[in-house]
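This report covers one three-stranded sheet, the main nonpolar core and two selected residues. Definitions are given where each term is introduced.

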Amino acid sequence: MSEWQIKPLAGALGAEVIGADLRAPDEAEMDRVKELLLAHKVLFFPGQAVSAEQHVALGERFGRIEDHPNLRNPFTDHPGIFELAATHGGVADEWHTDITFEDHPSVMSILHMVKCPEVGGDTMWTNLEQAYAELSPPMQDLCENLTALHDALPHNRPDKMSIHPVVRLHPETGAKALYVNEHFTRRLVEMNATESEALLSYLTNWVKNPRFTVRYRWSEGTVAMWDNRCTQHFVLNDFQGERIIQRVTIMGDEVSAAKSSDYEPYVRPGPLSATSRHDRQLALFLKTQRGQGEDAA
Ligand SMILES: [Fe+2]
């Protein structure tokens with residue numbers, strides 16, 4: 001294996017790896033990449049310029065990749081690749097962990113920056129394990145006892161929902177992470193609607209603390225990979241011109257709770273009233289879940 005230089009980019013997370021060649025890494029190199037990803041949570045490999053086939057092959061070394069059979073990419077027709085061409089706007093400029101409205105969100109993504117503006121369009125990541133660790137013990141206890149409803153409203157599909165623990169475990173390291181995001185998380189399940197609104201907005205803002213983050217300035221040909229189980233990311237919508245990314249996503253995350261909640265979901269008791277509307281989405285989801293449970297029995 002050639003000598004790799006590892007340059008951490010922030011105190012919280014993120015490292016640049018210089019000297020690696022991702023076009024056809026051998027087993028020892030793959031082991032090293034996996035180890036570095038667990039340690040740094042997001043890795044950047046400048047100057048790779050991998051082909052679409054090499055990009056997909058790299059993703060397959062990590063697990064099952066997402067297929068996009070119906071997607072029409074602007075420049076590539078490879079079904080394993082999701083391509084996004086943004087000129088002004090159309091970028092993910094709200095903090096999020098990818099697709100948490102699914103029961104099994106993605107494990108990680110590998111992004112190839114094909115074309116980027118001269119200035120702007122940086123991406124930020126935040127470390128959700130540090131965000132959890134720096135909460136006070138009573139707040140940690142409270143959060144461990146809660147679950148949250150996530151939905152795909154930003155994709156115009158509020159009917160696509162899932163409930164995840166607010167504090168989850170990393171399946172490989174066992175570390176605890178604060179698992180709520182402003183983009184997809186709608187409601188704390190065991191709290192009433194106004195309590196949920198206050199605490200959820202506190203937590204989703206807390207994870208944005210600059211001390212937990214890294215900000216990356218792209219250059220063309222850089223490949224980045226991030227662990228979606230313990231991070232959120234945010235794209236700065238501050239650029240003019242073309243920004244083209246190609247992304248391969250590894251599926252099948254198993255979200256497990258740090259502890260199971262002692263409490264029942266909170267839906268306002270009593271007859272329907274004006275305030276019942278705040279519980280409508282949660283009540284509906286719980287009803288469909290119960291229905292599925294009965295079908296399965
Ligand atoms: Fe994303």
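## The open sheet

D151 has M161 in β8 as its bridge partner. The model is a predicted one: local features require pLDDT of at least 70 and side-chain atom pairs count only at pLDDT 80 or more, whereas totals for chains, interfaces and linings use all residues. Residue numbers start from 1 in each chain and follow the sequence as written.

Strands, like helices, are DSSP runs numbered from the N terminus (E, at least two residues, for strands; H or I, at least four, for helices). Strand β7 (residues 147-152) and β8 run antiparallel and are joined by 6 bridges; two strands pair if DSSP finds at least two bridges between them. The open sheet consists of 3 strands in the order β8-β7-β11, with antiparallel pairing. Its edges are β8 (157-165) and β11 (185-188); each has a single partner strand, so one side of each lacks a neighbour in the sheet. On average, neighbouring strands here are turned by 25° against each other, direction ignored, with axes taken as lines fitted to C-alpha atoms.

## The nonpolar core

In soluble globular proteins, nonpolar side chains tend to be buried together. A nonpolar core is here a set of buried Ala, Val, Leu, Ile, Met, Phe, Trp, Tyr and Cys residues joined through C-beta atoms within 7 Å. A residue is buried with 20 or more other C-beta atoms within 10 Å of its own, exposed with 12 or fewer, and partly exposed in between, the C-beta atoms being placed from the backbone.

The largest such core has 60 residues, and L43, L128, V166, L178 and A224 have the most contacts inside it. Strand β5 (residues 108-115) contributes the most, with 5 residues. Beyond residues up to four places away in sequence, A224 touches V42, L43, F44 and L111; contact means C-beta atoms, placed from the backbone, within 7 Å.

## R247 and M251

R247 lies in strand β15. It counts as partly exposed because it has 19 C-beta neighbours inside 10 Å. Sequence neighbours up to four places away aside, R247 touches I81, F82, S109, I110 and L111. The C-alpha atoms of R247 and F82 are 5.1 Å apart, although 165 residues separate the two along the chain.

M251 is placed in the loop between β15 (243-250) and β16 (256-257). With 16 other C-beta atoms within 10 Å, M251 is partly exposed. Apart from neighbours within four places in sequence, M251 is in contact with R64, I65, E66, H104, S106 and V107.

Technical notes: Contact = placed C-beta atoms within 7 Å. Axes fitted to C-alpha atoms, helices over the stretch in contact; angles between N-to-C directions.
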